[in-house]
Amino acid sequence: MAMVGLFWIAESDVYVGAKPSGLAPGVRLSPEGVVALGEGQSGFHAWRDVRGLTVTDVPVKTLRRRVGAVTGLAVTTALNFVDPGSGGADEAPALMTVSVETAECDQELAAYVAAATGYSRAEIDLSLPLLTRLTEGAATASGTLAAMSEWGRTQEGGSPRGAEREALLRKWLG
């Protein structure tokens, strides 16, 4: 499994944001279309019907976010050391909104953020046009997702470094 831009790629599956587990909300991009996952949201939109695919509420990686993540981890660790189990419930990751536009309806879906400290501005700026590219027709979507899935099946060792993630996004943009 690896994160590249706003995408989580788990072998042959591609998600916007984090891969959901259990009843958590999420959005899967399948070769056939956009699939809403999780409790409280459902639906399938075939690529031939999708006219727009956008993501809002995307947290941008900043120094403040990185310092906050490290500080939060340190406080939780200290609390657990002093009184095991009292470190409080781990905070749920932030949610992004994935908007799917079709001729029949517009649907807003929730997906958890996969990047703990937010996404780099460059990766956001490359991921959003890639989402738009997926709406250019079923052939474009299936070809692009096939390339992403193929990379995911061969990827070992987790998410690549920032420069490699940006290069992959550029490649998938065509």
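The following paragraphs describe the fold of a predicted protein model, from its overall make-up to single residues.

The protein chain contains 4 helices and 9 strands. Read from start to end, these elements follow the pattern β-β-β-β-β-β-β-α-β-β-α-α-α. Of the 174 residues in the chain, 41% are buried. The exposed surface comes to about 9,400 Å², and carbon and sulfur atoms supply 53% of it. Among contacts with a separation of 6 or more, 60% are between residues 24 or more positions apart.

Confidence is a helpful place to begin. The mean pLDDT of the protein chain is 87, with 83% of the residues at 70 or more. Strand β4 (residues 26-29) has the highest confidence, at 98, whereas helix α1 (residues 63-82) has the lowest, at a mean of 49. Two stretches have a pLDDT below 50. Over residues 65-73 the pLDDT is below 50, and this stretch makes 7 contacts in the model beyond near neighbours in sequence. Residues 75-79 also have a pLDDT below 50, with 4 contacts counted in the same way.

The first sheet to consider is open and consists of 6 strands in the order β1-β2-β3-β4-β5-β6, with antiparallel pairing. Strands β1 (2-4) and β6 stand at its edges with a single partner strand each, so one side of each is left without a neighbour in the sheet. From one strand to the next, the twist averages 25°. Helix α4 (residues 162-173) packs on this sheet and touches β1 and β2, its direction making about 65° with that of β1. Helix α3 (residues 138-154) lies across β1, β2 (7-10), β3 (13-16) and β4, and runs at about 55° to β2.

Towards the β6 edge of this sheet, strand β5 (residues 33-37) and strand β6 (residues 43-46) run antiparallel and are joined by 4 bridges. Within this pairing, V34 has H45 as its bridge partner, and G33 stands opposite A46. The hairpin of β5 and β6 has 5 residues between the strands, and G38 takes a positive phi near 100° there.

At the β1 edge, V4 offers a closer view of the packing. This residue belongs to strand β1 and counts as buried, because its relative accessibility is 0%, under the 20% cut-off for burial. Leaving aside residues up to four places away in sequence, V4 touches I9, E123, W151, P160, R165, L168, L169 and W172. V4 and A115 are 111 residues apart in sequence, yet their C-alpha atoms are 9.8 Å apart in space.

Between β2 and β3, the loop includes E11. Phi of E11 is near 55°, a positive value in a residue other than glycine. With a relative accessible area of 57%, E11 is exposed, since exposure is set at over 50%.

The other sheet is also open, with 3 strands in the order β7-β8-β9 and antiparallel pairing. Its edge strands are β7 (50-56) and β9 (106-112), each of which pairs on one side only. The twist averages 20° from one strand to the next. Strand β7 is joined to strand β8 (residues 95-102) by 6 bridges, and the two run antiparallel. One of the residue pairs here is V50 with its bridge partner T102 in β8. The loop between β7 and α1 holds D57, which has a positive phi of about 65° although it is not a glycine.

Helix α2 (residues 121-134) allows a simple check of geometry. At 1.5 Å a residue, its 14 residues should span 20 Å, and the end C-alpha atoms are indeed 20 Å apart, so the expected and modelled spans agree. The expected value rests on multiplying 1.5 Å by one less than the number of residues. The buried residues of α2 are E123, I124, L126, S127, L130, L131 and L134. Among them, E123 also appears in the list of residues touched by V4.

Terms used. Residues are numbered from 1 along each chain as its sequence is written. This is a predicted model: local features need pLDDT of at least 70, side-chain atom pairs count only at pLDDT 80 or more; totals for chains, interfaces and linings use all residues. Side-chain values use heavy atoms; hydrogens and water are left out. Buried means under 20% relative accessible area, exposed over 50%, partly exposed in between (1.4 Å probe, protein chains only). pLDDT is the predictor's confidence in each residue, from 0 to 100. Contact means heavy atoms within 4.5 Å. Two strands pair if DSSP finds at least two bridges between them. Axes are lines fitted to C-alpha atoms, for helices over the stretch in contact, and angles run from 0 to 180 degrees between N-to-C directions. Accessible areas come from the Shrake-Rupley method with a 1.4 Å probe; for residues, only the protein chains shown count as cover.
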